[in-house]
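Here are some remarks to read alongside the coordinates, set out as numbered points. They move from the overall fold to the surface.

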Amino acid sequence: MKGLRRRQLWADSLLLLVTLIWGGTFVMVKDAVASYPVFPFLTLRFGLATCALVLVGWRRLAELDWRQVGAGVLLGLFLFAGYVFQTVGLRYTSASNAGFITGFSVVLVPLFSAVLLHRPPALKSLLGVSFALVGLGLLTLSHFRRAFRGDFLVLLCALSFALHIITVSAFAPHMDPLTLTIVQMVTVTAISAAVAFVRHPSFWRLRAPWFAASFTGILATAAAFAIQTTMQRFTTPTHTALIFSAEPVFAALLSVLLTEDVMKGQDVAGGILIVLGTMVSEIRWSDAVARWVSRFLAPHYVTALLLVMIALADPLSLGRGLLWAGALNLLTVVGPLVVFKRELRRGAISDWHISDRRERLQFMPAFALILAIGIPLFLLLLFDGPRPFLVLFSSALALTLVEMLVTVWWKISGHVSTVALEATIATAFLGAWASPLLLLIPLVAWARVKVGAHTVMQTLIGGLAGVAASLLSLHLYSIL
């Protein structure tokens with residue numbers, strides 16, 4: 001069992017490395033085509049990839065038949081279109097935008113499958129497409145005039161890649177994947193070379209970006225394909241899909257770190273929604289996923305993360321905000337966990353989340369929870385702490401007291417109410433880029449219902465209570 005887990009960990013790590021390499025290609029290609037023609041660059045890139053793959057699988061080429069050649073050429077045409085649109089688009093838009101919009105291809109696959117392969121899309125696929133469409137709108141409309149041409153070309157790239165994915169799913173199960181890939185590479189190389197010689201007949205005299213062509217051709221294409229096909233045998237499709245959804249994130253991070261690319265709040269929110277759309281459409285929403293969400297998006301984990309995020313809204317100093325966030329985490333998160341652990345050991349409570357309504361009314365858990373909110377609020381008032389934290393803790397104390405009162409005869413979801421409260425306040429202070437945090441509310445609600453911890457009504461009332469408490473606190477602090 002340990003051996004299987006170790007192999008899966010290695011597989012996931014190597015797939016994450018592949019994803020990082022793919023994310024890095026956006027910055028590299030953008031720099032390369034800024035001074036070198038697009039089609040000659042594609043010729044070099046895919047020519048090197050072809051040579052690398054032929055060295056590995058030349059013996060299998062003897063088994064090629066015309067059916068495999070035809071399928072490979074068709075796949076190569078879609079691949080060629082995708083990389084042409086992406087590479088040209090990178091001339092007119094940022095590497096971060098190109099990465100996020102290229103990732104949009106994953107959520108398009110279910111829609112194209114429904115039309116071309118007569119496979120009705122699942123509800124999760126439609127939900128993923130909805131998230132991604134909203135994200136695409138935020139990402140492109142934030143700079144409609146400045147980079148719309150590039151964004152549109154990269155969107156055509158996403159459409160081409162989606163068609164490529166669907167065609168691969170139709171042909172790959174019946175053919176050798178390595179020989180099919182070699183034919184694709186040869187097709188892209190041949191077409192790119194033909195167009196290059198027509199449009200740039202003397203391109204061979206120019207100084208070629210060999211490092212970028214080698215990196216993208218050998219590492220990002222040939223080696224990445226070999227790692228992917230080998231390692232996917234040792235991990236799950238869900239793990240693979242989630243890991244690959246990080247490609248646009250790596251592209252954005254590297255673009256910001258290595259270039260002068262600046263992402264506005266609306267761009268960040270759009271990119272997050274596209275990645276979430278990809279994850280939603282690929283995850284198998286099972287009982288195991290619900291347990292995972294219920295455990296790791298529990299209030300104490302979410303609170304710890306959002307306190308750090310809210311610290312970014314401190315207008316005086318980032319260091320001051322982070323210092324407050326660290327101190328509040330000790331009092332609000334660590335303190336109650338120590339108390340609950342002791343109560344759990346002596347049998348006073350049955351689980352970490354105190355699912356039993358009667359256990360919530362016991363003195364020690366209730367007292368620890370009130371102190372964990374009341375003491376930080378007192379310190380914030382005494383030392384004039386950051387305003388976002390004042391709003392958060394005052395609304396949290398009010399919400400906790402109301403929940404305890406309701407618990408006398410009923411129960412609402414503390415998970416959902418806490419996440420709703422914190423996500424709403426974080427979005428209010430951080431701005432548009434933090435708006436995807438609001439999606440945590442339905443996600444946690446679904447998980448709590450799925451694991452049987454709460455009813456639909458209890459999660460619904462919990463979410464409404466959390467949002468109402470946060471909006472009321474924001475309004476009161478705005479007029480004080």
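**Notes on the predicted model**

1. The chain's secondary structure amounts to 21 helices and zero strands, and it should be kept in mind throughout that this is a predicted model.

2. Taken along the principal axes, the C-alpha atoms of the chain fill a box of roughly 80 × 50 × 40 Å. Among contacts in the chain with a separation of 6 or more, 83% are accounted for by residues 24 or more positions apart.

3. As for burial, 50% of the 480 residues of the chain count as buried. The accessible surface of the chain comes to about 23500 Å², and carbon and sulfur atoms hold 70% of that surface.

4. On the charges, the chain carries 35 positive and 20 negative ones, and the mean positions of these two sets lie 4 Å apart.

5. A nonpolar surface patch of about 720 Å² deserves a look in the viewer, being made by Leu 330, Leu 331, Val 334, Val 338, Phe 363, Phe 367, Leu 371 and Ile 375. The elements that give two or more residues to this nonpolar patch are helix H15, covering 318-345, and helix H17, covering 363-382.

6. Is Val 338, one of the patch residues, buried or exposed? Val 338 has its place in helix H15, and its relative accessible area is 54%. Since exposed means over 50% relative accessible area, Val 338 therefore counts as exposed.

Technical notes. Residues are numbered from 1 along each chain as its sequence is written. This is a predicted model: local features need pLDDT of at least 70, side-chain atom pairs count only at pLDDT 80 or more; totals for chains, interfaces and linings use all residues. Side-chain values use heavy atoms; hydrogens and water are left out. Helices (H or I, at least four residues) and strands (E, at least two) are DSSP runs, numbered from the N terminus. Buried means under 20% relative accessible area, exposed over 50%, partly exposed in between (1.4 Å probe, protein chains only). Contact means heavy atoms within 4.5 Å. Accessible areas come from the Shrake-Rupley method with a 1.4 Å probe; for residues, only the protein chains shown count as cover. Lys and Arg count as positive and Asp and Glu as negative; His and the chain ends are not counted. The place of a charge is taken as NZ of Lys, CZ of Arg, CG of Asp or CD of Glu. Patches are made of residues with over 30% relative accessible area and no salt bridge: like charges are joined within 9 Å, nonpolar side chains (Val, Leu, Ile, Met, Phe, Trp, Tyr) within 5 Å. A salt bridge is a side-chain nitrogen of Lys or Arg within 4 Å of a carboxyl oxygen of Asp or Glu.
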